[in-house]
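Here is a short report for a reader meeting this structure for the first time. Please look over the sequence and the model before reading on.

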Amino acid sequence: MIVAESIEKVRAQVAEWKRAGLRVGLVPTMGYLHEGHASLVRASVARCDRTVASVFVNPTQFGPGEDLEAYPRDFERDCALLEANGCDMVFHPSPETMYAPGFATYVEILSDMPKRLCGKTRPIHFRGVCTVVTKLFNIVTPDMAFFGQKDAQQLAIIRRMTRDLSMPVEIVGCPIVREPDGLAKSSRNAYLKGPERTAARVLSRAVALGQQRVREGERDASALLAAMKALIEAEPLARIDYVEAVDGVTMEPVTELTDGVLVAMAVYVGTARLLDNFTVGDNTPVCAQDASD
Ligand code: AMP
């Protein structure tokens, strides 16, 4: 696997691949990789001739007081995981490489979409995400880019940005990869200490409850959200940021649970702010135990 720290090295290698007529896939990440990231790499390897992953903890998507400095990092282990899953090149730039002195140009969706859900507590987050993903698209010029459904609002926003700006990249969404007990894999799970790890199960249990109620015919969003919130509030180590039902494309709140509605949550457990979600109409079980309930 090629390790590139400069934009020039990525551009030269991708140009060579493109001259040979090869299709290039991109998997953007912030590192501290796990099986969720590995699934994106494998999806890219399956659909593209060459796969580039980026490992970059992007400062512009963190607000003041957030976990930019604390964010876990282990580049050596990341390289081993990427290589084992068939990645051809990892782009690992420094913050200075991505943001030269005087950097002042941002990509931002001006509708309410980035203000909903995570945007309420993280007002500049999606501006940073859109800006760094645009830069990565300009540097790597991928044919396809792979994102996880775990960050459902991010995926919807990237799809919108790509469409609005006619970016020549196909966006592929990939399913949530979970721990055996249902907890969605996340680099931030490393923040969970002692009993917090068990408490964090409450997110996927709320997802499983929501899916079950929908299967049983629940169509009223507020009734479903009340049941899910009650389950989470019964866990003393958990604190709800939001639990909401929104249109899966626009992120606008909905009252009725029709197919394609996104039921999404952010919940603090200790210092970790964890995400989970499901889409109405998709009954993928969160763990084997829930599937047999
Ligand atoms: P991150 O490194 O957290 O910025 O995530 C990089 C990419 O991996 C994003 O597209 C995430 O949605 C995706 N991802 C993170 N965790 C998971 C997971 N458990 N399952 C699937 N995709 C994931």
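The sections below cover the nonpolar cores, helix 1 and the salt bridges of this predicted model.

## The nonpolar cores

The largest nonpolar core holds 45 residues. Within this core, Phe 137 and Met 161 have the most contacts. Many elements feed it. Those giving two or more residues include helix 1 (7-19), helix 6 (125-140) and helix 7 (152-164). Strands that do so include strand 2 (24-29), strand 4 (89-91) and strand 5 (144-148). Strand 7 (238-247) and strand 8 (261-269) also contribute two or more residues. Helix 6 supplies the largest share, 9 residues. The core takes at least three residues from each of domain 1 (2-174) and domain 2 (187-279).

What does Met 161 touch, leaving aside residues up to four places away in sequence? Its contacts are Val 107, Ile 109, Cys 130, Val 133, Thr 134, Phe 137 and Met 167. Another core lies apart from the largest one and has 34 residues. Among them are Leu 257, Val 269, Ala 272 and Val 280.

## Helix 1

Helix 1 has 13 residues, and at 1.5 Å a residue these should span 18 Å. The C-alpha atoms at its ends are 18 Å apart, so the model agrees with the expected value. Just after the helix, Gly 21 adopts a positive phi of about 80°.

Which residues of helix 1 are buried? They are Ile 7, Val 10, Gln 13, Val 14 and Trp 17. Seen down the helix axis, the buried residues fall within an arc of 140°, so they line one face. The spacing has a general basis. An α-helix has 3.6 residues a turn, so residues three or four places apart point the same way. The face turned away from the buried side of helix 1 carries the exposed residues Glu 8 and Arg 19.

The buried residues of helix 1 pack against several elements. Among the strands are strand 1 (2-4), strand 2, strand 3 (50-55) and strand 4. Helix 4 (95-98) and helix 6 are also packed against them.

## Salt bridges

How many salt bridges does a search of the whole structure find? The search finds 15. Side chains of opposite charge can pair when their charged atoms come close.

Arg 47 forms a salt bridge with Glu 170, with the closest N and O atoms 3.3 Å apart. This pair links distant parts of the chain. Arg 47 sits in helix 2 (residues 35-47), Glu 170 in strand 6 (residues 170-174), and they are 123 residues apart. Arg 47 counts as partly exposed at 43% relative accessibility. Glu 170 counts as partly exposed at 39%.

Arg 122 and Glu 66 also meet through their side chains, at 2.7 Å from N to O. Arg 122 is in the loop between helix 5 (118-121) and helix 6, while Glu 66 is in the loop between strand 3 and helix 3 (75-84), so the pair ties together parts 56 residues apart in sequence. Arg 122 is buried at 9% relative accessibility. Glu 66 is partly exposed, with a relative accessible area of 25%.

A further salt bridge joins Glu 244 and Lys 120, at 2.8 Å from N to O. Glu 244 belongs to strand 7 and Lys 120 to helix 5, 124 residues apart. Glu 244 is buried, with a relative accessible area of 14%, whereas Lys 120 is exposed at 53%. Elsewhere, salt bridges with shared partners join Asp 112, Lys 115, Arg 116 and Glu 252 into one network.

How values were computed. Residues are numbered from 1 along each chain as its sequence is written. This is a predicted model: local features need pLDDT of at least 70, side-chain atom pairs count only at pLDDT 80 or more; totals for chains, interfaces and linings use all residues. Side-chain values use heavy atoms; hydrogens and water are left out. A nonpolar core is a set of buried Ala, Val, Leu, Ile, Met, Phe, Trp, Tyr and Cys residues joined through side-chain atoms within 4.5 Å. Buried means under 20% relative accessible area, exposed over 50%, partly exposed in between (1.4 Å probe, protein chains only). Helices (H or I, at least four residues) and strands (E, at least two) are DSSP runs, numbered from the N terminus. Domain bounds come from an automatic or database domain assignment. Contact means heavy atoms within 4.5 Å. The expected span of a helix is 1.5 Å times one less than its number of residues. The arc is that of the directions from the helix axis to the C-beta atoms. A salt bridge is a side-chain nitrogen of Lys or Arg within 4 Å of a carboxyl oxygen of Asp or Glu.
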